[in-house]
Amino acid sequence: MYKLLGRATSGNVQKVIFLLEELGVPYERIDYGRQFENTGTPAYLAMNPTKKVPTLVDGDLSIWESHTILRYLAAKEKSPLLPAELGARTQVERWMDWLLAQLNAAYLAGFRDA
């Protein structure tokens with residue numbers, strides 16, 4: 001079972017939750033973040049040196065950065081949301097990168113205001 005470390009009010013954690021729900025795979029979300037004072041612990045820093053959320057734990061593997069987590073999950077679960085054919089995959093990945101570069105500030109502000 002996946003473990004998702006991050007607060008439910010984080011826009012970047014929400015992205016991962018949306019995909020986990022869409023995939024229908026079991027996961028456990030655990031509260032992590034500055035307000036919980038647990039992202040600076042040696043154990044968390046060993047998983048994620050940025051002290052930020054989200055972090056996905058899959059067995060002994062820890063993955064950080066929301067879009068990296070999304071790509072990992074979609075590939076591991078063989079989701080059609082991330083096509084195996086590289087040309088088709090670029091259609092997905094370019095929009096993910098565009099979102100991060102162009103819309104992320106507004107996207108995250110929406111979660112902060114909610």
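**View 1. The open sheet and its strand order.** Four strands make up an open sheet here, arranged S2-S1-S3-S4 with mixed pairing. At its edges sit strand S2 (27–30) and strand S4 (61–64), each of which pairs on one side only. Look along the sheet for its twist: neighbouring strands are turned by 20° against each other on average, direction ignored. Please keep in mind, in this view and in those below, that the model is predicted.

**View 2. The antiparallel partners S1 and S3.** Strand S1 (residues 2–5) and strand S3 (residues 55–58) run antiparallel, joined by three bridges. Two of the residue pairs are good places to start. Lys3 has Val57 of S3 as its bridge partner. For Leu4, the bridge partner in S3 is Leu56.

**View 3. The parallel partners S1 and S2, with the crossover between them.** On pairing with S2, strand S1 takes the parallel sense, over four bridges. Within this pair, Leu5 stands opposite Ile30 in S2. To get from S1 to S2 the chain passes through helix H1 (residues 11–23), and this β-α-β crossover is right-handed.

**View 4. Helix H3 against the sheet.** Here helix H3 (residues 66–76) lies across three strands, S1, S3 and S4. Its direction is at about 130° to that of S4. Keep an eye on this helix, for Arg71 in H3 returns in the views of the salt bridges.

**View 5. The salt bridge between Arg29 and Asp31.** Side chains of opposite charge can pair when their charged atoms come close. Four salt bridges turn up in a search of the whole structure, and one of them joins Arg29 to Asp31. The closest N and O atoms of this pair are 2.6 Å apart. How accessible are the two partners? Arg29 has a relative accessibility of 29% and so counts as partly exposed. Asp31, with a relative accessible area of 36%, is partly exposed as well.

**View 6. Glu93 meets Arg71 across two helices.** A salt bridge connects Glu93 with Arg71, and their closest N and O atoms lie 3.4 Å apart. This pair links distant parts of the chain, with Glu93 in helix H4 (residues 86–113) and Arg71 in helix H3, 22 residues apart. Are these two side chains buried or exposed? Neither label fits, because Glu93 has 22% relative accessibility and counts as partly exposed. Arg71 likewise counts as partly exposed, at 22% relative accessibility.

**View 7. Asp97 joins in.** Arg71 also meets the side chain of Asp97 in a salt bridge, at 2.9 Å from N to O. Once again the pair links distant parts of the chain: Asp97 belongs to helix H4 and Arg71 to helix H3, 26 residues apart. Asp97 counts as partly exposed because its relative accessibility is 40%. Which residues end up in one network through salt bridges that share partners? They are Arg71, Glu93 and Asp97. When you inspect this view, begin at Arg71 in helix H3 and follow the salt bridges to Glu93 and to Asp97.

Methods. Residues numbered from 1 in each chain as written. Predicted model: local features only at pLDDT ≥ 70, side-chain atom pairs only at ≥ 80, totals over all residues. Heavy atoms only, no water. Pairing = 2+ DSSP bridges. Axes fitted to C-alpha atoms, helices over the stretch in contact; angles between N-to-C directions. Contact = heavy atoms within 4.5 Å. Right-handed = clockwise from strand over helix to strand, strands pointing away. Buried < 20%, exposed > 50% of the residue type's maximum accessible area, 1.4 Å probe, protein only.
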